[in-house]
Amino acid sequence: MPSSAREDRRPLLRRIDRLAVASFSVLTLLLGIYWVHQVLRGDDYARQAENNRQRSVPINASRGFILDRNGKLLAENEPSFTLLLYRRETRDVEASLRFVAELLGRPLEELRRRVERTRGGYDFVPVVLDDDLSIAEVGAVEAHALEHPELVVQTTERRVYTQGTVLAHLLGYLGEASPEQLASRAGRVRSGESIGQRGIEAAYQDLLSGTSGLRTFVIDSFGREVAELDRIDPLPGNTLVLNVDLDLQRIADDYFRDKVGSAVALDPRTGEILALVSAPAFDPNVFSRRVTRAEWQAIIGNEDRPMQNRAIQNVFSPGSVWKAFVAYAALTNGISASETTFCPGFATFYGRRFRCHGAHGTVDLPRALQVSCDVWFYNAGRRLGVDALAEAARTFGFGRPTGVDLASEKAGNVPSTAWSQSVRKHPWYPGETISVAIGQGPLLVSALQTARAFSALANEDGALPVPHLFRIGEHVRSGARVAYRPPVTERVPFPPGVRETIVEGLWRVVNQPGGTAFRYRAEGLDACGKTGTVQVVAQKQAKMTHQLPEKLRDHAWFAAFAPREDARIVVVVFVENGMHGSSAAAPLAMRLIEAHLRPGSVPIPEPPAAPLPEATPPGGTTTAERGATPPATRTGA
Amino acid sequence: MSRLADALPRRVDVPLLFSAVALSAAGLAMVVSTTSGTARGGLGGRQALFLLAGVVAASFFALFDYRLLLRASPALFLVSLLPLVWLPVFGPTIAGAKSWIRLFGGFQVQPSELARIATVLLLAWILENDDRPYLSTRTVAALVGVVALPIGLILLQPDLGVALTYVPFLLAALYLGGLRPRVWAGLVLAGSLAAGASWFVLKDYQKDRIRTFLDPDLAARGAGYQVRQARIAIGSGGIAGKGWKEGTQSRLGFLPVRHSDFIFAALAEERGFVGVAAVIGLYGLYLARGFGVARDARDRGGSMLVLLVVLNVAAQAAANVAMNVGVLPTTGITLPFVSYGGSSIIATWAMTGLVLSVAQRRFVNV
């Protein structure tokens, strides 16, 4: 053992001193670093720690209900259950998926796809495995809550359209906001939020949507909620009362069950839309869930284009319905109502023979309207010229949107010499005027435009109101009401006697033998109307229209108002390929008039049971497909 | 009156013991705070048990004459290596490494921590036997060999953190023994080369840690996430801290391994800069008393033993504190006395017992 007493300890002591200096320097340095972080930058880190532990999640507001003019419920909300998977709560996602697939009978592949789609996102953000659980399925999942804490059922609200397809085009539907919608409604709509698409839902999105609330809570590092810090309750959306009368709507919908076309009923005095039907329709409830690929294919694969609102988006030649407005052009341009024309069943203009559908003999204007004599109107048209007809058309609101509170309304087309030059790049042929005089040719109108124009005939003062669905918005909490505010009403100027002459002719159409709709008159309704038939193929080939394939058959129009004095309803019915205006379109128009003027006299058909479709079948689709472009609008005669 | 009963109360180095006890108490409080009420249940009871075992071990070593231990150190060293040889081959894999031997009652022992005691004794013994101003080549080779052997075996487990805690032993031993400047230069060069070469044997996750250390923004959510969260925990503690069990970063789980590697960040969050300064001060006190005891030790072996122990504890502490705040890359180095873990607590206390043993037998008033 070396003697410590003899050892030279000086080098060791020197080294200890140096080590002490070095060690305490290091400790002091570390203390300085902590000083910087804790004392100098402490507040900044404290904020970061707060952000770390707090999450704010918006609470969706309940969407406002939609009622008809009599307070009948058209759209409401019901609870809907979404199954969420929190990936961080499970070690084996695949096992969880297999469990769900077995428990709920969902295809494993689809579940895997849903997880796969969210790959790359934060794993504390849950994956939506299914957004349409039944109550029984909710129970089944919650019974296994202990073994499968990663599976959470979230309750949300789903839009329910109580009438199924009956008001499809009128109400619209809900769908995830598209990037364009997000951009145009910046701050009011969140990404992923469902907003109104088309119809009333889109037009009054801001009134219906309410104001989202906000929940702030403490989370742990797994994103699990630990405690709630703050809660701002959402403000529910306004209840919307529409002008629609569900009874009229149902009658019209029922009539169109096996037909293609549209029907509009208005109150001519105010422009209130009492009914608006486009057939075929779709079930807007389908869009409240994720649309399956099969459902979407069924909708876009249907060549009758069920997504299209034919009452405002399809424009056709008005056919003989147009004669009411040619009559106005004639009477305001120096042609007398008593001027007669001899109808031998045809007329020849510019070396071409134009047929009439009968040989009416000597006819004056009221008679020409009553029997729909083409020859009288051919002559009137030739004398007036297309520009006079165009001016009359524009006076009645044709050629431009009506201003209805629905999007994507078509303007139609009012041909004139100027239009021909600027759009077609060739001069107007006088022979075309002969066709336009009976509502054929490049003249294109929508059912709603026609209904609005008929309102001007129905109203003694010639008022041309803007058609509208919105009646009242009522705040659920405060009861504050927003009522429809009509814009300044346009008027069609009627020189003395002009309106009365036209109305006389339209009255005779329905109420005098020989009138084209005389067969469909109803006692005491005192309706005035005009039938119309639009040729789909050229007249020469169309001798036996009932033998033609359905798609080539003539379209049928009927426009009417009632009663003759102080009219309270205007109806326009358009049946595609319906052949004759009188037989195909008039019955519904008369039924709607009767139902409106004599409540209770017409049986109200039960709506078809709106089947809430089953859970997502295999091949369920994404919101991307839901957002696909709607089919292009078809126009033409 | 026996010598033992007479010696104990008077010869105990109270400041050194106080620093060890205070650090252990702070550690226990933080283990309770970071583990109670969580899914894994509180670990405070177990930590208290470990501390008790540590104090028993420390008492044993404090009462034992360290000279006997120094003389027996080659044999102790070899015995302590046996489990380290056995582990990489037959040991159970726990948390990705074969570092543990399972004992009864759910306890596990980490032989690499216990081998530390034998290593420190052997190093001191070697240094005692070479008291010239500069170490002979033979001694240097012996020192390198004694440290390299356990490091190599521990790296086989693999447990980089524990292996690294052996490095300060070698550096301290070489410095205390004395090396000529050119030998130091050669060692630094060789060390740098070895560090460079080690890049090729490091596991991917270890490389990630070094990368994120060099560039924390590189992976804010990956390996850098832990470093960032730890720094938020430390910084948000401010001056006074959020209070015991009130640390949001730690209680809500944003802080990684908060009862062990990152317990100091949890302490910084809940106790603030005041707590940080107190703990660093306690290590300073421990170190200062160690230097004092080393100066007064009655022989070279005792001095070396004390210096190796306190430098090792202080180096680990400094590395852990630096790692918590992101100044050093994340390696599994725990905070001595404070971090949860039986083997580490017992080894640290046992080594402190060795220091107390030397302190008791110093020259003063013999």
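In this predicted model, a good place to start is a pair of residues in chain A: Gly529(A) has Ala560(A) as its bridge partner in S22(A). The two strands involved, S21(A) and S22 (residues 555-562) of chain A, run antiparallel and are joined by seven bridges.

Let's stay with S21(A) for a moment. Seven of the seven residues of this strand (residues 528-534) are buried, so S21(A) is largely enclosed by the rest of the structure. In a regular strand, side chains alternate between the two faces of the sheet. The table shows how the residues of S21(A) are divided.

| Direction from S21(A) | Residues | Burial |
|---|---|---|
| One way | Cys528(A), Lys530(A), Gly532(A), Val534(A) | buried |
| The other way | Gly529(A), Thr531(A), Thr533(A) | buried |

Over in chain B, a helix pair is worth a look. Helix H14 (residues 300-324) and helix H15 (residues 342-360) of chain B have axes that come within 9 Å and cross at roughly 145°. Their crossing is left-handed. On the H14(B) side the contact includes Gly302(B), Leu305(B) and Val306(B), which meet H15(B) residues, among them Thr348(B) and Met351(B). By class, the residues of this contact are nine nonpolar and two polar, with no charged ones.

Finally, the two chains touch: 35 residues of chain A are in contact with 43 residues of chain B. On the chain A side, the elements that give two or more residues are helix H1 (10-40) and helix H2 (42-53). H1(A) gives the most, with 19 residues. The chain A side has 21 nonpolar, eight polar and six charged residues.

Key: Residues are numbered from 1 along each chain as its sequence is written. Chains are lettered from A and ligands numbered from 1 in the order in which they are written. This is a predicted model: local features need pLDDT of at least 70, side-chain atom pairs count only at pLDDT 80 or more; totals for chains, interfaces and linings use all residues. A residue is buried if 20 or more other C-beta atoms lie within 10 Å of its own, exposed if 12 or fewer, and partly exposed in between; C-beta atoms are placed from the backbone. Helices (H or I, at least four residues) and strands (E, at least two) are DSSP runs, numbered from the N terminus. Two strands pair if DSSP finds at least two bridges between them. Axes are lines fitted to C-alpha atoms, for helices over the stretch in contact, and angles run from 0 to 180 degrees between N-to-C directions. A crossing is left-handed if the near helix is turned anticlockwise from the far one by less than a right angle, and right-handed if clockwise. Two residues are in contact if their C-beta atoms, placed from the backbone, lie within 7 Å. Ala, Val, Leu, Ile, Met, Phe, Trp, Tyr, Cys and Pro count as nonpolar, Asp, Glu, Lys and Arg as charged, and the others, Gly among them, as polar.
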